[in-house]
Amino acid sequence: MWGPLSGLPPRLTLAGVTGPGRLCRLGSGAARRKDVPAGTVRGAHSRQKPSPDFRETSKHRFDSKRYITCPNLAKALAKLMKKPQKPSQLVLECNPGPGFLTKALLESDHQVIALESDSTFIPRLKSLQKNQDENLRVVHCDFFKLDPKNGGIVKPPIMISQSLFTDLGIEPVPWTEGIPLRVFGMFPVRNEKKVLWKLLHDLYSCTSVFKYGRIELNVFISEQEYQKLVANPKSVRFYQPLSVLWQVACDIKFLHAESLKKEQRMCFIRMTPRKELFTESLTPINYDIFFHMVKQCFVKRNATLEDHLPSLSPIDAADIMKHVNVSEKSKITNMYPQDFKQLFEAIECSKDYTYKWLYDDFMEEIIL
């Protein structure tokens with residue numbers, strides 16, 4: 001019913017609800033399958049057949065993308081994106097494809113900047129610009145490949161966020177002010193973890209798009225990766241450095257779920273950078289040490305904090321523990337994300353030590 005459009009490149013098709021009434025809402029927290037209401041999502045039970053509204057295809061084995069082809073789903077998502085009492089809102093839409101959501105966003109009084117990586121869709125998106133004044137702008141680029149590391153060559157041609165935002169007339173705002181714009185996108189099929197780490201580094205260093213302020217991410221991500229993002233000591237199976245770093249950085253909210261096929265679901269989530277993320281002790285300058293600390297702790301995830309402290313810092317453990325509300329006997333997997341931030345800040349605030357960290361560059365090469 002909602003298969004690939006004629007003449008357009010195949011992608012993973014995401015469609016399937018019949019209207020806003022099918023949406024389910026949850027707060028943030030540990031994500032287990034039972035935490036996501038299954039009754040509101042097609043294909044949620046193992047005995048159910050996958051929805052016939054879904055098609056799963058890919059033009060290139062390692063460059064599969066997803067797009068929305070259901071008007072009702074597009075309208076429901078546009079409604080979720082709409083903020084009360086804000087008549088005109090700026091949305092950066094990533095890889096909109098045929099433009100079903102683009103149209104729904106425009107009808108919901110959003111201003112849309114469509115960043116499309118596939119040139120085949122550009123004419124179709126350009127046609128939507130007619131009679132839209134300046135509410136829709138179309139750019140040929142891939143949001144998830146902005147500011148490539150080490151000057152890597154990507155297709156479409158390399159795009160630098162500073163050039164893009166300058167051309168679009170978007171000015172940076174202070175971190176502590178409001179949300180300057182919101183992003184809608186679907187994480188790449190095969191590179192979700194890689195994208196999550198790149199966005200983390202950009203966010204904590206206030207570079208790339210986060211140079212312009214607290215950019216809100218509204219994204220579809222696989223249920224498996226979502227479970228990792230919101231995991232905590234109560235869901236040890238999924239708890240890892242990504243969980244800690246993202247939860248310290250952002251408020252993460254579950255908004256909606258969609259089934260692609262049997263036992264494969266996509267979660268639509270909102271990731272809003274915290275206004276109070278940066279302090280005198282945790283800054284865009286030293287964030288990499290915080291990353292190192294968290295990663296090193298999880299190398300021996302069942303060890304106690306007492307075991308880890310000598311490998312983290314030369315500062316006397318007793319001094320550190322005076323300033324944190326965590327027992328030295330606590331296991332790393334018993335510490336909540338904010339506990340890690342508190343531990344980092346306690347070490348950074350120590351005044352009687354010239355060297356505060358034992359930093360092993362080799363640890364940065366470990367992929368967790």
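**Exercise 1.** Among contacts in the protein chain between residues at least 6 apart in sequence, what percentage join residues at least 24 apart?

*Solution.* We're working with a predicted model here. Start with the parts list: the protein chain has 11 helices and 9 strands. Now take the contacts whose residues sit at least 6 apart in sequence; 72% of them join residues at least 24 apart.

**Exercise 2.** Work out how much of the protein chain counts as buried, and what its accessible surface is made of.

*Solution.* Buried means under 20% relative accessible area. With that cut-off, 54% of the 368 residues count as buried. Next, the surface: the accessible area of the protein chain is about 17300 Å², and carbon and sulfur atoms account for 50% of that.

**Exercise 3.** Zoom in on strand 3 (residues 89-94) and sort its residues by face: which are buried on each side?

*Solution.* First, the rule: side chains in a regular strand alternate between the two faces of the sheet. Then split the residues: Gln89, Val91 and Glu93 lie on one side, with Leu90, Leu92 and Cys94 on the other. Both faces turn out to be covered, and 6 of the 6 residues in strand 3 are buried.

**Exercise 4.** Find the strands that pair with strand 3, and trace the chain to strand 4.

*Solution.* Take strand 4 (residues 110-116) to begin with: it runs parallel to strand 3, and 6 bridges join the two. In this pairing, Leu90 stands opposite Gln111. To get from strand 3 to strand 4, the chain passes through helix 2 (residues 100-107), making a right-handed β-α-β crossover. Now for strand 6 (residues 182-186): it's also parallel to strand 3, with 3 bridges between them. There, Glu93 of strand 3 faces Phe184.

Terms used:
Residues numbered from 1 in each chain as written. Predicted model: local features only at pLDDT ≥ 70, side-chain atom pairs only at ≥ 80, totals over all residues. Heavy atoms only, no water. Helix = DSSP H or I, 4+ residues; strand = E, 2+ residues; numbered from the N terminus. Buried < 20%, exposed > 50% of the residue type's maximum accessible area, 1.4 Å probe, protein only. Contact = heavy atoms within 4.5 Å. Areas by Shrake-Rupley, 256 points an atom, 1.4 Å probe, with all protein chains shown as cover. Pairing = 2+ DSSP bridges. Right-handed = clockwise from strand over helix to strand, strands pointing away.
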